[in-house]
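Q: I would like to learn how to read pockets and salt bridges in a model like this one. Could we take the pockets before the charged pairs?

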Amino acid sequence: RPFGSDGLSLLLRCSSTANHKLTMANQSSSYPTIVEIEVKQFGDAQHGLKVKRGEDRAITIYHIDPESQAASSELVEGSEILSINGHLAKNSVTRCEEMLDFFTSKLGKVIMLVSVGYRPRGTTFVMAKNTTTKGIFDGVDSCIDGLKLQEERGGRVRIVGVGSGFFSSLKLNKGDDIWTIDGKEVYCIDDARMALKGATGKHIPIL
């Protein structure tokens, strides 16, 4: 069946100031990376992937057919699917299975935005619609188009308020910590601005 456009997403990782960069960088292996992977069909219009609902409602890959192209890609079992051919996974196994089958059959391939690696328990991705009006992320204060941030001790950027603007429709709450934006580590508010302005994909994840 046809699928509507979902938009661009954001992945955020928080820290505090530049003084914490080395400490947090040493811990970066504890956080997932965001990769875009193309998987072409093989056999009788197969993609070779099986998915299930994992922790925190995430849709993860639990089996990769060794004969498929996916087996030679960066995909590993446990990878979390964020979007398929530009359409959000929306925490639905059925939706993901339908999209994988649909695009493999119609286009001969699927292009997935996936999270590879460990995602700390209790964290989740928020997907935000991208904008070409990157100027809304400019500024010199602690507010990014309605999202009020505060740099905390110990290497954290915390949300202290969500007003009207780019982020208002997202499931971001006061008190949430930001970890990465579009797979890029964020150590201060300026890093968050740069990651938002530099995001080019159709979706950016927010962790």
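Q: How much space lies in the largest pocket?
A: A pocket is an open set of grid points with protein on both sides. In this predicted model, the largest pocket holds about 820 Å³ of space.

Q: Which residues lie nearest the centre of the largest pocket?
A: T124, F125, V126, M127 and K171 do, out of the 35 residues that line the largest pocket.

Q: Which strand gives the most to that lining?
A: β7 does, with four residues. Strands β4, β7, β11 and β14 (203-206) each supply at least two residues of the lining.

Q: How do the residues of the lining divide by class?
A: The lining of the largest pocket has 18 nonpolar, eight polar and nine charged residues.

Q: How much space lies in the second largest pocket?
A: About 260 Å³. The second largest pocket is lined by 16 residues, and T60, G78, E80, G117 and R119 are the closest to its centre. By class, this lining has four nonpolar, six polar and six charged residues.

Q: With which residue does R119 form a salt bridge?
A: The general test is a side-chain nitrogen of Lys or Arg within 4 Å of a carboxyl oxygen of Asp or Glu. R119 pairs with E80, and their closest N and O atoms are 2.9 Å apart. R119 lies in the loop between β6 and β7 (126-129) and E80 in strand β4 (residues 80-84), so this pair ties together parts that are 39 residues apart in sequence.

Q: Is R119 buried or exposed?
A: Buried means under 20% relative accessible area. R119 counts as buried at 13%, and E80 counts as buried at 9%.

Q: How many salt bridges does a search of the whole structure find?
A: Seven. One of them joins E38 and K109, with the closest N and O atoms 3.5 Å apart. E38 lies in strand β1 (residues 33-40) and K109 in strand β6 (residues 109-116), so the pair ties together parts that are 71 residues apart in sequence. E38 is partly exposed, with a relative accessible area of 32%, and K109 is also partly exposed, at 30%.

Q: Which residues are joined into one network by salt bridges that share partners?
A: Start with D177 and R156, whose side chains meet in a salt bridge at 3.8 Å, N to O. D177 is in strand β11 (residues 177-178) and R156 in strand β10 (residues 156-162), so the pair ties together parts that are 21 residues apart in sequence. D177 is partly exposed, with a relative accessible area of 22%. Shared partners join R156, R158 and D177 into one network.

Key
Residues numbered from 1 in each chain as written. Predicted model: local features only at pLDDT ≥ 70, side-chain atom pairs only at ≥ 80, totals over all residues. Heavy atoms only, no water. Buried < 20%, exposed > 50% of the residue type's maximum accessible area, 1.4 Å probe, protein only. 1 Å grid on protein atoms, 1.4 Å probe; cavity = no way out; pocket = protein on both sides within 12 Å on 5 of 7 lines; lining within 4 Å. Points joined across faces, edges and corners; volume = space filled by probe spheres on them. Nonpolar A, V, L, I, M, F, W, Y, C, P; charged D, E, K, R; others polar.
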